[in-house]
Structures are given as C-alpha cells and as structure tokens.
Amino acid sequence: MAEFVRHKQPWTADELTKLRRLAEKGMALRAIAKALTRSEESVKDRAKQDGIRITKLH
C-alpha cells in the first residue's frame, strides 16, 4: 500500500479547485486521490464536506 508523506496537511485552494474539476469530469475516487497525491479516504471526506459528488466506479 502506498505511503502518503503529506499526513494531515490542510487543503489548499488549488487542490480544492482541482478536486471539483476532476469530480465534474467523472473521474473515479482512486484516480482523483492519485492526481492530488492524497489518500482516497482524505479525498472522500473532503468531497463530502464540500458537497462534491464523486463517481464510485469507472
């Protein structure tokens, strides 16, 4: 399993913008997490917090 060096780092405005853009394109959670170099759990939690819908499977 991949290790994430950025443990508990705050989200930047650029990351949030990228998260919204990738989710709108219909990318899967795993692909978004990899693009943002964050864990899937972190991305899922942040998306839920901001009301962003992420596709489950692709």
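**Arg46 and its helix**

Student: Which helix is Arg46 found in?

Tutor: Quick ground rules: this is a predicted model, with local features needing pLDDT of at least 70, side-chain atom pairs counting only at pLDDT 80 or more, and totals for chains, interfaces and linings using all residues. Residues are numbered from 1 along each chain as its sequence is written, and side-chain values use heavy atoms, leaving out hydrogens and water. Helices here are DSSP runs (H or I, at least four residues) numbered from the N terminus. By that naming, Arg46 sits in helix α3.

Student: Is Arg46 buried or exposed?

Tutor: Buried means under 20% relative accessible area, exposed means over 50%, and partly exposed lies in between (1.4 Å probe, protein chains only). Arg46 has a relative accessible area of 18%, so the verdict is buried.

Student: Which residues does Arg46 touch, leaving out those up to four places away in sequence?

Tutor: Touching is a contact, meaning heavy atoms within 4.5 Å. With residues up to four places away set aside, Arg46 touches Trp11, Leu16 and Leu19.

Student: Which helices do the buried residues of α3 pack against?

Tutor: Those buried residues are Val43, Arg46 and Ala47. They span an arc of only 100° around the axis (going by directions from the helix axis to the C-beta atoms), so they lie on the same side of α3. On the other side of α3, Lys48 and Gln49 are exposed. The buried residues pack against α1 (13-24) and α2.

Student: How do α2 and α3 lie relative to each other: roughly parallel or roughly perpendicular?

Tutor: Helix α2 (residues 29-36) and helix α3 (residues 40-50) pack with axes 9 Å apart, at an angle of about 105°. From α2 the contact uses Leu29, Arg30, Ile32, Ala33 and Leu36, while α3 brings Glu40, Val43 and Lys44. Angles under 35 degrees count as roughly parallel, over 145 as roughly antiparallel, 65 to 115 as roughly perpendicular and the rest as oblique. The two helices are therefore roughly perpendicular.

Student: Which residue makes a salt bridge with Arg46 at 3.3 Å?

Tutor: A salt bridge is a side-chain nitrogen of Lys or Arg within 4 Å of a carboxyl oxygen of Asp or Glu. Arg46 has a partner four residues away in helix α3, so about one helical turn separates the two. That partner is partly exposed, with a relative accessible area of 26%. At 3.3 Å, N to O, it's Asp50.

Student: Which residue joins Arg46 and Asp50 in a network of salt bridges?

Tutor: The model has five salt bridges in total. Some of them link up into a network, and the residue that joins Arg46 and Asp50 there is Arg20.

Student: How far apart are the closest N and O atoms of Glu41 and Lys44?

Tutor: Glu41 and Lys44 are three residues apart in helix α3, so they are separated by about one helical turn. Glu41 is partly exposed at 44% relative accessible area, and Lys44 is partly exposed too, at 41%. They form a salt bridge, with the closest N and O atoms apart by 3.8 Å.

Student: Which residue pairs with Arg38 in a salt bridge?

Tutor: Arg38 sits in the loop between α2 and α3, and its partner is 23 residues away in helix α1. Both residues are buried. The side chains meet at 3.0 Å, N to O, and the partner is Glu15.

Student: Which residue follows α3?

Tutor: Its phi is positive, near 75°. The residue is Gly51.

Notes
Axes fitted to C-alpha atoms, helices over the stretch in contact; angles between N-to-C directions.
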